[in-house]
Amino acid sequence: MKLTLFTDYSMRVLLYLGARPDRLCSIGEVAQGYGISQNHLMKVVNQLARSGDVESVRGRSGGIRLGRPPEEINIGALIRQTEDGFDLVDCGGCVVAPACGLTGVLKEALGAFLAVLDRYTLADLLTKRRDLASLFERNAADRFETPAARDG
């Protein structure tokens, strides 16, 4: 199973904000920290704000931060919110589906996958919060360093 880029970016936003619980961040800052498109993150942040996982503060000194404590953000619930569907294969249009054992096996496998994710919260993923924050900062600094400065 492969999760969508939307889910990937949703997790990235929450990890970034969770690594910086003491301040507001901008979408541009998050994009820079990961080296990804700011435009892609805008839609992701909008949905996360609608679900309450992210709080958006408007105005000159505004930004985004976690909308609830990391202990209250369940990874399984987030995956269910950000993924459109979980059909591993299209059994609905298959002529052998009524007699095929694969449908039940895949349903069981998906249930097990989601059950594991349900056991974790964002807090579980932030156990190395300081390490995460320093990696974001290092990545952002590397992106702005000129090739001449790197070659030294």
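The exercises below, each with a worked solution, concern a predicted model.

Residues are numbered from 1 along each chain as its sequence is written, and side-chain values use heavy atoms, with hydrogens and water left out. Because the model is predicted, local features need pLDDT of at least 70 and side-chain atom pairs count only at pLDDT 80 or more, whereas totals for chains, interfaces and linings use all residues.

**Exercise 1. The buried face of H4**

Task: Determine which residues of helix H4 are buried, and how they are arranged about the helix axis.

Solution. Begin with the terms: helices (H or I, at least four residues) and strands (E, at least two) are DSSP runs, numbered from the N terminus, and buried means under 20% relative accessible area, exposed over 50%, and partly exposed in between (1.4 Å probe, protein chains only). In H4, which spans residues 75-82, the buried residues are Ile 75, Gly 76, Leu 78, Ile 79 and Thr 82. Viewed down the axis of H4, these buried residues fall within an arc of 160°, so they line one face of the helix; the arc is that of the directions from the helix axis to the C-beta atoms.

The next step is to ask what covers the buried residues of H4, with contact taken as heavy atoms within 4.5 Å. The cover includes helix H1 (5-19), helix H3 (38-51), helix H5 (102-118) and helix H6 (122-125). Finally, at the N-terminal end of H4, Asn 74 acts as a cap, with a side-chain oxygen 2.9 Å from the backbone nitrogen of Gly 76.

**Exercise 2. The largest nonpolar core**

Task: Describe the largest nonpolar core, and then follow Val 54 from that core into the strand pairing.

Solution. A nonpolar core is a set of buried Ala, Val, Leu, Ile, Met, Phe, Trp, Tyr and Cys residues joined through side-chain atoms within 4.5 Å. The largest one has 33 residues, and those with the most contacts inside it are Val 13, Leu 14 and Val 54. Two or more residues of this core come from each of H1, helix H2 (27-34), H3, strand E2 (63-66), H4, H5 and helix H7 (129-144), and H1 gives the largest share, 9 residues.

Turning to Val 54, and leaving aside its neighbours within four places in sequence, one finds contacts with, among others, Val 13, Leu 14, Leu 17, Val 45, Leu 48 and Ile 64. The bridge partner of Val 54 in E2 is Leu 66, while Ser 56 stands opposite Ile 64 in E2. Strand E1 (residues 54-57) and E2 pair in the antiparallel sense over 4 bridges, where pairing requires that DSSP finds at least two bridges between the strands. E1 and E2 form a hairpin with 5 residues between them, and Gly 59 in the turn has a positive phi of about 110°.

**Exercise 3. The surroundings of Asp 53**

Task: Establish whether Asp 53 is buried or exposed, and which side chains make polar contacts with the side chain of Asp 53.

Solution. Asp 53 lies in the loop between H3 and E1, and with a relative accessible area of 6% it is buried. A polar contact is a pair of N or O atoms within 3.5 Å; within protein, one must be able to donate a hydrogen and the other to accept it, and residues adjacent in sequence count only if both atoms are side-chain atoms. By this criterion the side chain of Asp 53 is in polar contact with the side chain of Ser 51 at 3.1 Å and with that of Gln 81 at 3.2 Å.

Ser 51 itself belongs to helix H3 and is partly exposed, with a relative accessible area of 26%. Beyond its neighbours within four places in sequence, Ser 51 is in contact with Arg 68 and Gln 81. Arg 68 and Gln 81 are also among the residues that Asp 53 touches, not counting those up to four places away in sequence.

**Exercise 4. The cysteines**

Task: Find how many disulfides the structure holds, and describe the setting of Cys 94.

Solution. With a disulfide taken as a pair of cysteine sulfur atoms within 2.5 Å, the structure holds 0 disulfides. Cys 94 is accordingly in no disulfide, the nearest cysteine sulfur, that of Cys 100, being 6.5 Å away. As for accessibility, Cys 94 is partly exposed at 36% relative accessible area, whereas Cys 25, at 2%, counts as buried.
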